[in-house]
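Visitor: I am new to this structure and would like to go through it step by step. Please show it to me before we start.

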Amino acid sequence: MTLVILTESALFTIFVVAYVYYMGKSLSGPYPHEVLELPILGSIMLFGSSGTIVRAEHWLKHNNLPRFHLWWGVTVLLGLGFLVYTGMEWNKLIYREHLTLNSNLFGSTYYSLVGLHASHVVVGALLLSMVLIASLRGSIQHRHHEHIEMISWYWHFVDAVWVVVLTVVYIISPRVY
């Protein structure tokens, strides 16, 4: 998992550097300060899911499966909530603000970076859901706990990347244009 996270970190670094390089270089609107709003609710859901997955792991280590299922399920729901929030944001940006991949440099780099992150949340939510279903069916054994911990690391990685995306895209770039 460490190698996967290092590889994914390199990929995100390339996308973040590209976003920063093209920041403020769009010749036409819409510009970030015109269309972006701080995704407070989505961020709360994603950051909160890091706390709930820690609680789930705690109960797994203590062999309390009902509480593990509860907190793991809450983590899945928070991840799905983040994706719904992102989908609603994109719907607004595309249909109301007319920001698409082809609109300008901002649109191209915005959808590339935020979309890359969202795709990782989708993968994480699928992995979390698979673990939950397997555990509810009674298929999880003690030898699987290390795998579950690795999936938890992946989820924390996705949250950590969101700190960077949130800072660069939603806090810094609206002030550059």
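Guide: One term comes up often: contact means heavy atoms within 4.5 Å. This is a predicted model, where local features need pLDDT of at least 70, side-chain atom pairs count only at pLDDT 80 or more, and totals for chains, interfaces and linings use all residues. Residues are numbered from 1 along each chain as its sequence is written, and side-chain values use heavy atoms, with hydrogens and water left out.

Visitor: Which residues does P174 touch, not counting residues up to four places away in sequence?
Guide: P174 sits in helix α6; helices (H or I, at least four residues) and strands (E, at least two) are DSSP runs, numbered from the N terminus. P174 counts as buried at 16% relative accessibility, where buried means under 20% relative accessible area, exposed over 50% and partly exposed in between (1.4 Å probe, protein chains only). With residues up to four places away in sequence set aside, P174 touches P32, H33 and V169.

Visitor: How many helices and how many strands are there in the protein?
Guide: Read from the N terminus on, the elements run α-α-α-α-α-α. The count is therefore, by the DSSP definition of these elements, 6 helices and 0 strands.

Visitor: What share of the residues of the protein count as buried?
Guide: The C-alpha trace spans about 55 × 30 × 20 Å along its principal axes. The protein exposes about 9,300 Å², an area found by the Shrake-Rupley method with a 1.4 Å probe, and for residues only the protein chains shown count as cover. Carbon and sulfur atoms supply 68% of that exposed area. Of the 177 residues, the share that counts as buried is 45%.

Visitor: Which element gives the most to the largest nonpolar core?
Guide: A nonpolar core is a set of buried Ala, Val, Leu, Ile, Met, Phe, Trp, Tyr and Cys residues joined through side-chain atoms within 4.5 Å. The largest one here has 43 residues, and those with the most contacts inside it are Y19, L36, F68, W72, Y110, V169 and Y170. Two or more residues come from each of α1 (2-22), α3, α4, α5 (105-136) and α6 (145-176). The element that gives the most, with 13 residues, is α6.

Visitor: Which residues is Y170 in contact with, leaving aside its neighbours within four places in sequence?
Guide: Y170 is among the residues with the most contacts inside the largest core. Leaving aside neighbours within four places in sequence, its partners are L36, E37, L38, P39, E89, Y110, V114, W162 and V165.

Visitor: What share of contacts between residues at least 6 apart in sequence join residues at least 24 apart?
Guide: One residue to look at is L60 in helix α3, which is buried with a relative accessible area of 4%. L60 is in contact with L65, F68, H145 and I148, its neighbours within four places in sequence left aside. Over the protein, among contacts between residues at least 6 apart in sequence, the share joining residues at least 24 apart is 82%.

Visitor: Which side chains meet in a salt bridge?
Guide: Side chains of opposite charge can pair when their charged atoms come close. A salt bridge is a side-chain nitrogen of Lys or Arg within 4 Å of a carboxyl oxygen of Asp or Glu, and the structure holds 1. At 3.8 Å, N to O, the side chains that meet are those of E37 and K92.

Visitor: Why does this pair tie together parts that are apart in sequence?
Guide: E37 is exposed, with a relative accessible area of 53%, whereas K92 counts as buried at 17%. E37 lies in the loop between α2 (32-35) and α3 (40-61) and K92 in helix α4 (residues 65-96), so the pair joins parts whose separation in sequence is 55 residues.

Visitor: Where is H98 found?
Guide: Most residues other than glycine have a negative phi, and most peptide bonds are trans. N63, in the loop between α3 and α4, has a positive phi of about 60° although it is not a glycine. H98 also has a positive phi of about 60° and counts as exposed at 55% relative accessibility. H98 is found in the loop between α4 and α5.

Visitor: Which peptide bond is cis?
Guide: The residue to look at is P30, in the loop between α1 and α2. With omega near 0°, the cis bond is the one from G29 to P30.
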